[in-house]
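Please open the model in your viewer and keep the sequence panel beside it, so that each stop can be selected in turn. The tour goes from single residues to helices and then to pockets.

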Amino acid sequence: MVVLMLGDVVGQSGCEAVRRLLPGLRREYRADAVVVNGENSAQGNGILPVSARHLFDSGADVITTGNHVFRRREIYELLDEGSGIIRPANYAAQCPGTGVFVLDLLRCRLAVVNLMGTAGLEPLANPFETIDQILAKLDTPLILVDFHAEMTSEKRALGFYLDGRVSAVAGTHTHVQTADEQLLPGGTAYITDLGMCGPVQSVLGVKPQQVIARFCTAMPTRFENPSGGEQYVCGMAVTLDERTGRATAVERISRIISLPG
C-alpha cells in the first residue's frame with residue numbers, strides 16, 4: 001500500500017494549493033490514504049472547521065496538528081467527535097481530542113499517531129514514553145507518526161527509537177522540507193521535516209516584511225499569510241508492506257503551483 005503524508009498547510013493559499021494538487025498526487029502514486037498536517041490551515045494560524053473540511057474535501061483522510069491546535073476554540077468540538085482530526089497525544093488527557101486515529105481501509109487498518117516534541121516547545125509529557133504507551137495498545141502493524149517538533153536532534157532520535165516498531169516517522173513544524181528521507185535499518189521510513197504547503201515567497205508562510213520587523217525591533221507583530229503566487233505542496237510517499245507494516249520505499253515530494261493573487 002502507498003500512503004501520502006503532507007507537511008504543514010499554511011493559510012487559505014496553502015489550502016487551495018492542496019485542493020488543486022492532492023487529487024492528482026493521489027492518482028499518480030495510487031495512494032490508499034493521505035495524512036495532512038493542518039494546524040496552520042486557518043488564515044493567520046490554528047485550524048478551523050472550514051479549513052479542516054477543505055482539506056478533507058481535497059482528499060485528506062486524517063488531519064494531524066501541533067502546537068497551534070487549540071488556538072481556535074471552534075475546532076474543539078470536532079476534536080472530540082473523532083472526526084479524523086487529531087492533536088499531539090502527549091497533551092494532557094483532559095484537553096480536547098485524542099492523539100491517535102485508526103483508519104479502516106477494509107483490507108487493513110492504518111493507525112496515525114500525532115506527537116509533539118518538548119525541546120524548545122511546551123513542557124508536555126515525554127513523547128518517547130507516550131508513544132511506548134500507545135504502541136502497547138495498537139493492534140495493527142501499520143503505524144504512521146507525525147512528530148511535530150522543533151529540534152532536528154529530537155526528531156532523529158525518535159526516528160531511531162521507533163525504527164522497526166512503526167511504519168513511518170515524519171517530522172513537521174519547521175515548515176522547511178529536509179532532504180534526508182530514508183529507510184531506517186529496521187524498516188521505518190523517516191524524514192526530519194515534510195516541509196510546507198503554502199506560499200513560496202514567505203518566511204515559513206508569513207509575509208517576509210512582518211517577520212523582518214519582528215526580528216529588527218522585537219516588538220509584537222501581527223503575522224499574515226500572503227495570498228496567491230507560487231505555492232509549495234511538500235510531503236512524502238511511503239510504500240508499506242501490509243503484512244509486516246515495514247516501509248519498502250520512501251519518496252520525497254515537492255511541487256510548486258501558481259495561484260492567482
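Begin by selecting Ile63, whose place is in strand β4, a strand that covers residues 62-64. As you look, keep in mind that this is a predicted model. Is Ile63 buried or exposed? Its relative accessible area is 0%, and because buried means under 20%, Ile63 counts as buried. To see what surrounds Ile63, show its contacts beyond the neighbours within four places in sequence: they are Val36, Gly38, Ile47, Ala52, Leu55, Phe56, Gly84, Ile85 and Ile86. Then add Arg87, which is 24 residues away from Ile63 along the chain, and draw the line between the two C-alpha atoms, which are separated by 8.8 Å.

**Strand β6**

Keep Arg87 on display and select Met116, which has its place in strand β6. Met116 and Arg87 are 29 residues apart in sequence, and from C-alpha to C-alpha they are 8.8 Å apart in space. With a relative accessible area of 0%, Met116 is buried. Leaving out residues up to four places away in sequence, Met116 touches Gly66, Asn67, Pro88, Asn90, Tyr91, Leu121, Glu122, Leu124, Pro127, Phe147 and His148.

Strand β6 also holds Asn114, which is the next residue to select. Asn114 counts as buried, at 0% relative accessibility. Which backbone nitrogen does the side chain of Asn114 reach? Turn the view towards Thr65, for it is the backbone nitrogen of Thr65 that the side chain of Asn114 reaches, at 2.8 Å. Residues up to four places away in sequence aside, Asn114 is in touch with Thr64, Thr65, Ile86, Arg87, Pro88, Ala89, Gly99 and Asp146.

**Helices α4 and α5**

Now select helix α4, residues 127-135, and colour its buried residues, which are Pro127, Thr130, Ile131, Ile134 and Leu135. If you look down the axis of α4, these buried residues fall within an arc of 130 degrees, and so they line one face of the helix. To show what covers them, add elements including β5 (100-104), β6 (109-116), β7 (142-148) and α5 (152-161). Before leaving α4, go to its start, where a side-chain oxygen of Asn126 comes to within 2.8 Å of the backbone nitrogen of Phe128.

Move on to α5, where the residues to colour as buried are Glu154, Lys155, Leu158 and Gly159. Viewed down the axis of α5, the buried residues lie within an arc of 140 degrees, so that here too they line one face of the helix. They pack against β6, α4, β7, β8 and β10 (189-191), which can be shown together with the helix.

**Two loop residues**

Select Arg30, which is found in the loop between α1 and β3 (33-37). The phi angle of Arg30 is near 50 degrees, a positive value in a residue that is not glycine. Arg30 is exposed, with a relative accessible area of 72%.

Then select His175, in the loop between β8 (168-172) and β9 (182-183). Its phi is near 70 degrees, again a positive value in a residue other than glycine. His175 is buried, with a relative accessible area of 11%.

**The pockets**

The last stops are open spaces rather than residues. Rolling a probe the size of a water molecule over the atoms shows where empty space is left.

For the largest pocket, which holds about 530 Å³ of space, select Asn40, Asn45, His68, Val206 and Phe223, which of the 21 lining residues are the closest to its centre. By kind, the lining of the largest pocket divides into eight nonpolar, nine polar and four charged residues.

The second largest pocket has a volume of about 270 Å³. Of the 17 residues that line it, Gly11, Gln12, Ser13, Cys15 and Glu16 are the closest to the centre. Which helices each supply at least two residues of this lining? They are α1 (11-29) and α2 (49-58), and the largest share, six residues, comes from α1. Colouring the lining of the second largest pocket by kind gives six nonpolar, nine polar and two charged residues.

Technical notes:
Residues are numbered from 1 along each chain as its sequence is written. This is a predicted model: local features need pLDDT of at least 70, side-chain atom pairs count only at pLDDT 80 or more; totals for chains, interfaces and linings use all residues. Side-chain values use heavy atoms; hydrogens and water are left out. Buried means under 20% relative accessible area, exposed over 50%, partly exposed in between (1.4 Å probe, protein chains only). Helices (H or I, at least four residues) and strands (E, at least two) are DSSP runs, numbered from the N terminus. The arc is that of the directions from the helix axis to the C-beta atoms. Contact means heavy atoms within 4.5 Å. A polar contact is a pair of N or O atoms within 3.5 Å; within protein, one must be able to donate a hydrogen and the other to accept it, and residues adjacent in sequence count only if both atoms are side-chain atoms. On a 1 Å grid over the protein atoms alone, a cavity is a set of points where a 1.4 Å probe fits but cannot get out, and a pocket is an open set with protein on both sides within 12 Å along at least five of seven lines; lining residues have an atom within 4 Å of a point. Grid points are joined across faces, edges and corners, and a volume is the space filled by probe spheres set on the points. Ala, Val, Leu, Ile, Met, Phe, Trp, Tyr, Cys and Pro count as nonpolar, Asp, Glu, Lys and Arg as charged, and the others, Gly among them, as polar.
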